[in-house]
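Student: I would like to go through this model term by term. Please set each value against its definition.

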Amino acid sequence: MQETLNYINENKQRFVDELFELLRIPSISADPAYKDDVLKCADVCAEHLKNAGADNVEICETKGYPIVFGEKIIDTNLPTVLVYGHYDVQPADPLELWRKPPFEPYIEKTELHPDGAIFARGAADDKGQFFMHLKAFEAMMRTNTLPCNVKFILEGEEEVGSVSLGDFVNENKEKLSCDSILISDTHIYSNEQPTVTTGLRGLSYVEVEVEGPNRDLHSGLYGGAVPNPIHVLSRMIANLIDENGHITIDGFYDNVEIVSDADRTEMNKLKDNPEEFKKSIGLSNIEGEKGYTTLERASIRPTLDCNGIWGGYTGEGAKTVIPSKAFAKISMRLVPYQTPEEITEKFTKYFEKIAPDTVKVKVTPHHGGMPYVLQSDTKEFLAAKKAMETAFGKEVLPYRSGGSIPITAMFEKVLGAKSVLMGFGLDSDAIHSPNEHYGLFNFYKGIESIPLFFENYSK
């Protein structure tokens, strides 16, 4: 592997320069105004795959944005790894909170990244992370050290729920057939304590609407005599979680996985520093479900959060109205044995149950996903653990993440292959937020670790 590592070291600056070109493309899948940019990004990804040495590179049409595919089959008797990533990014709003324009990448040193971090929308989620795989593949191809077969699938709709991916995978099982799936869309616990993600929470996402009067009303003429939908909705949301951090929805915990005391002890070997955690997000104190540590609350327990709430007048100046309607978006993170269908149904029934008879309510389900767990005795986990231990020079521990990647369960169901979640970002990288960034140290460690994973897995 030394020849491969030498190639990586010799080309580090070029790798960053090429990533910058990719980051300059505002491939925002949620906003139709950026359609041409998303399509351009797919073209650029395909060119990078070709230049790295992939065969049969295609830009595959879907009902939505295209999927970029490429492969290198060196011997059909060898195992095949399918690498997944996504080239679309989150909207950059609110723009005024970015220190520099979100699609003009730059490098800046920070307390956590003394070697510098790349600041741009998509730097960590997921352009910087999937680009590691393209450059690691290039390094193995240039040094003739690729030890097994590899396929790539890069989608453009992950940030809007991967709406076309399921159909594509079902329709292309043979094209995508593999032994294992490698994904870098997660993070490590810290640079001092590298981890391999062994679990992800699932997701149920809904939008709610509360309707009161048949039109917006003058708050002077009607105030105090009619229900205000914003007030009603706020009370309803507040009542979804009690004083112990427990979700009050009927039957919400019926199918929740009971994690053993031994597994909880193992999980809490990760150094949980409450003061550092509070400092990192600017809080003087934290809260959560009673009886669980911060690590457990954010990984093995289900949650409910209001992601946005609106209604009435929010423009400049004043407009004294009682709004006709109020709205909110609510997400629920799920753990093993919960399903998005079950939880969405229970939420809907409960939300309708607690609504006062002065208003009408409507619940609209959006996208969801199943939880996922990779056991720490699988060949995928062990290959990743050994690779990262070699690259970081430190023990690597298993780690359950609180995030969701719904496609992992779908991949396993359709392709019959386990996913190994070997991400290299940090939870402080501000993904989905202004000033998203990705440490140069992490970017390079990823490129170094990936060839080692392939070597270990092939053995």
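**Sheets and a helix**

Tutor: Three strands, in the order β4-β5-β18, make an open sheet with antiparallel pairing. The edge strands are β4 (106–108) and β18 (437–439), as each pairs on one side only. The twist averages 30° from one strand to the next. This is a predicted model: local features need pLDDT of at least 70, side-chain atom pairs count only at pLDDT 80 or more, and totals for chains, interfaces and linings use all residues. Residues are numbered from 1 along each chain as its sequence is written, and side-chain values use heavy atoms, with hydrogens and water left out.

Student: How do you know that β5 and β18 pair?

Tutor: Two strands pair if DSSP finds at least two bridges between them. Strand β5 (residues 117–119) and β18 have 3 bridges, in the antiparallel sense. So they meet the definition. Phe-119 stands opposite His-437 in β18.

Student: What makes α14 a helix that packs on this sheet?

Tutor: Helices are DSSP runs of H or I, at least four residues; strands are runs of E, at least two; both are numbered from the N terminus. Contact means heavy atoms within 4.5 Å. Helix α14 (residues 440–458) touches β4, β5 and β18. Its direction makes about 60° with that of β18. Axes are lines fitted to C-alpha atoms, for helices over the stretch in contact, and angles run from 0 to 180 degrees between N-to-C directions.

Student: Which strands are the edges in the sheet β11-β13-β9-β14?

Tutor: This open sheet has 4 strands and antiparallel pairing. Its edge strands are β11 (303–311) and β14 (360–369), each pairing on one side only. β11 and strand β13 (residues 325–334) pair over 8 bridges. Cys-306 has Ile-330 in β13 as its bridge partner. Helix α11 (residues 340–354) lies across β9, β11, β13 and β14, at about 25° to β9.

Student: How does the reach of α3 compare with the expected span?

Tutor: The expected span is 1.5 Å times one less than the number of residues. Helix α3 (residues 35–52) has 18 residues and reaches 26 Å from first C-alpha to last, close to the 26 Å expected.

Student: Why are the buried residues of α3 said to be on the same side?

Tutor: Buried means under 20% relative accessible area, exposed over 50%, partly exposed in between (1.4 Å probe, protein chains only). Among the buried residues of α3 are Val-38, Cys-41, Cys-45 and Leu-49. The buried residues cover an arc of only 160° around the axis, which puts them on the same side of α3. The arc is that of the directions from the helix axis to the C-beta atoms.
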